[in-house]
Amino acid sequence: MPRPVRTDRAPAPAGHYSQAVTCHGMVHVSGQLPIDPATGLVIDGDSEKQADRVLQNIAEILTAAGSSLDLVVSLHVFVNSRDDWAGVNAACARRFGDHRPARAIVGGCELKPGCRVEMTAVAAVREE
């Protein structure tokens, strides 16, 4: 059965959805924005800084689900502009290291005001 995931270490959902849902050994993370969970505000910064915050939010949700960034199999990235690509790529390289999940990036997205980046992820749940 699908099981919702909830952690206070990542931004609370702003609508009728879960931060993530686990099902059949996989965790599906909802779209995450560069929001500081402590303040609920979008962080200032370029696409690299914002992508790093998004990946931190995803990492916290994955931890709550019994997973981690090294188990991400797929990442979907939405950016305002192609100009944001290099910053996102740098943040991904730093956070994922040698691990290279499948990834799609879509440019020209109209995101929440102040946001340059949004990401969703699918990861395996760590086997016990």
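**Exercise 1. In this predicted model, decide whether Asp84 is buried or exposed, and find its salt-bridge partner.**

Solution.
- Step 1: Start with the area. Asp84 has a relative accessible area of 2%.
- Step 2: Apply the cut-off. Buried means under 20%, so Asp84 is buried.
- Step 3: Look for the partner. Asp84 forms a salt bridge with Arg116, and their closest N and O atoms are 2.7 Å apart.
- Step 4: Check the partner's surroundings. Arg116 counts as partly exposed, at 28% relative accessibility.
- Step 5: Place both on the chain. Asp84 sits in the loop between S6 and H2, while Arg116 is in the loop between strand S7 (102-106) and S8; the two are 32 residues apart.

**Exercise 2. Work out which parts of the chain the salt bridge between Arg94 and Asp52 ties together.**

Solution.
- Step 1: Note the distance. The closest N and O atoms of Arg94 and Asp52 are 3.8 Å apart.
- Step 2: Find the elements. Arg94 belongs to helix H2 and Asp52 to helix H1, so this pair ties together parts that are 42 residues apart in sequence.
- Step 3: Compare with the cut-offs. Arg94 is partly exposed at 48%, and Asp52 is partly exposed at 22%.
- Step 4: Look around the pair. Arg94 and Asp52 are linked with Glu48 and Arg95 in a network of salt bridges.
- Step 5: Step back to the whole structure, where a search finds 7 salt bridges.

**Exercise 3. Describe the salt bridge between Arg126 and Asp70.**

Solution.
- Step 1: The side chains of Arg126 and Asp70 meet at 3.4 Å, N to O.
- Step 2: Arg126 lies in the segment after S8 and Asp70 in the loop between H1 and S6, so the bridge ties together parts 56 residues apart in sequence.
- Step 3: Arg126 is partly exposed, with a relative accessible area of 42%; Asp70 is partly exposed too, at 46%.

**Exercise 4. Which element gives the largest share of the largest nonpolar core, and what does Leu62 contact?**

Solution.
- Step 1: Recall a general tendency: in soluble globular proteins, nonpolar side chains tend to be buried together.
- Step 2: Meet the core. It has 26 residues, and those touching the most other members include Val29, Leu62 and Val117.
- Step 3: List the elements giving two or more residues: strand S3 (26-32), helix H1 (47-64), strand S6 (72-79), helix H2 (85-96) and strand S8 (117-124).
- Step 4: H1 provides the largest share, 7 residues.
- Step 5: Beyond its neighbours within four places in sequence, Leu62 is in contact with Val27, Val29, Ser67, Ser68, Leu69, Val72 and Ala123.
- Step 6: Finish with a second, separate core of 5 residues, among them Leu33, Ile35, Leu111 and Cys115.

Technical notes: Residues are numbered from 1 along each chain as its sequence is written. This is a predicted model: local features need pLDDT of at least 70, side-chain atom pairs count only at pLDDT 80 or more; totals for chains, interfaces and linings use all residues. Side-chain values use heavy atoms; hydrogens and water are left out. A nonpolar core is a set of buried Ala, Val, Leu, Ile, Met, Phe, Trp, Tyr and Cys residues joined through side-chain atoms within 4.5 Å. Buried means under 20% relative accessible area, exposed over 50%, partly exposed in between (1.4 Å probe, protein chains only). Helices (H or I, at least four residues) and strands (E, at least two) are DSSP runs, numbered from the N terminus. Contact means heavy atoms within 4.5 Å. A salt bridge is a side-chain nitrogen of Lys or Arg within 4 Å of a carboxyl oxygen of Asp or Glu.
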